[in-house]
Amino acid sequence: SIFKELGMYALTIGLGLSIHLFIVLPLIIFVFVRVNPIIHFKAMATAMVTAFSTSSSSATLPVTMKCVNENVKASNETTSFVLPMGATINMDGTSLYQAVAAVFIAQAFGYDLDLSAQLTIVLTATLASIGAAAVPGAGMVMLVIVLSSIGIDPEGIALIFAVDRILDMLRTVVNVTGDATVATIVASSD
């Protein structure tokens, strides 16, 4: 039964990340830049593959900068300011992951989450993801803060270790693509 629940957890995070990557970010690109999102994804393909394989926004940063400079035609000033900042504070995939992970762990331990606890999870996950290091596994460390904010023992993190690596790879793709999306919007306003 725990394997089924863990599979549903991974599927939920995968679905949430997919919605953000394939619906929200393309919609933002289309609305603000008036560029076909498929063209933008093709321009960022190398950075997205690198993000998936390294699970690190920092390790992917040079590739992301190259893609945005050469394929999106953004200036060096824009990419050298926006992308390093994004790799540090724009962790939208990590924020989504932490919120879902906290709810999953709370449910696994039988905690009832009232509206106040749910709002605390959302706020803490967002703030913790801003401070997360852009390295593999940093989201897990920051999840301790999210769980502690609602009074759940952080040992519950052990429940999700089995699937965390693949989810880390997926959320890094979302983080890097989000950074490139912001850089593209800033570059288009120049």
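In this predicted model, Lys-73 is exposed, because its relative accessibility of 66% lies over the 50% cut-off. Lys-73 sits in the loop between α4 and α5. Its phi is positive, about 65°, although Lys-73 is not a glycine. Most residues other than glycine have a negative phi. Ser-55 also departs from that tendency, with a positive phi of about 60° although it is not a glycine. Ser-55 belongs to the loop between α3 and α4. Ser-55 counts as buried, because its relative accessibility of 1% falls under the 20% cut-off.

The largest nonpolar core comprises 49 residues. Tyr-9, Tyr-97, Ile-105, Leu-143 and Ile-160 have the most contacts inside this core. At least two core residues come from each of α1 (2-33), α3 (45-54), α4 (57-70), α5 (76-89), α6 (92-108), α7 (115-131), α8 (138-149) and α9 (161-188). The largest share, 8 residues, is supplied by α9. In soluble globular proteins, nonpolar side chains tend to be buried together. Beyond its neighbours within four places in sequence, Tyr-9 touches Tyr-97, Val-100, Ala-101 and Phe-104. Ile-160, Val-163 and Leu-167 are also in contact with Tyr-9.

Helix α6 packs against α8 at an angle of about 55°, with the two axes 10 Å apart. The pair is oblique, because this angle lies between the roughly parallel range, under 35 degrees, and the roughly perpendicular range, 65 to 115. The crossing of α6 past α8 is right-handed. On the α6 side, the contact involves Thr-94, Tyr-97, Gln-98, Ala-101, Ala-102 and Ile-105. These meet Gly-139, Met-140, Met-142, Leu-143, Val-146 and Leu-147 of α8. By class, the contact of α6 with α8 holds 9 nonpolar and 3 polar residues, and no charged ones.

Helix α6 also packs against α9. The axes of α6 and α9 come within 6 Å and cross at roughly 140°. These two helices are therefore oblique to each other. From α6, the contact draws on Asp-92, Gly-93, Thr-94 and Tyr-97. From α9, the partners are Asp-164, Arg-171, Val-174, Asn-175 and Gly-178. The contact of α6 with α9 divides into 2 nonpolar, 4 polar and 3 charged residues. Tyr-97 takes part in the contact with α8 and in the contact with α9. Tyr-97 is also one of the core residues with the most contacts, and one of the contacts of Tyr-9.

Definitions and conventions:
Residues are numbered from 1 along each chain as its sequence is written. This is a predicted model: local features need pLDDT of at least 70, side-chain atom pairs count only at pLDDT 80 or more; totals for chains, interfaces and linings use all residues. Side-chain values use heavy atoms; hydrogens and water are left out. A nonpolar core is a set of buried Ala, Val, Leu, Ile, Met, Phe, Trp, Tyr and Cys residues joined through side-chain atoms within 4.5 Å. Buried means under 20% relative accessible area, exposed over 50%, partly exposed in between (1.4 Å probe, protein chains only). Helices (H or I, at least four residues) and strands (E, at least two) are DSSP runs, numbered from the N terminus. Contact means heavy atoms within 4.5 Å. Axes are lines fitted to C-alpha atoms, for helices over the stretch in contact, and angles run from 0 to 180 degrees between N-to-C directions. Angles under 35 degrees count as roughly parallel, over 145 as roughly antiparallel, 65 to 115 as roughly perpendicular and the rest as oblique. A crossing is left-handed if the near helix is turned anticlockwise from the far one by less than a right angle, and right-handed if clockwise. Ala, Val, Leu, Ile, Met, Phe, Trp, Tyr, Cys and Pro count as nonpolar, Asp, Glu, Lys and Arg as charged, and the others, Gly among them, as polar.
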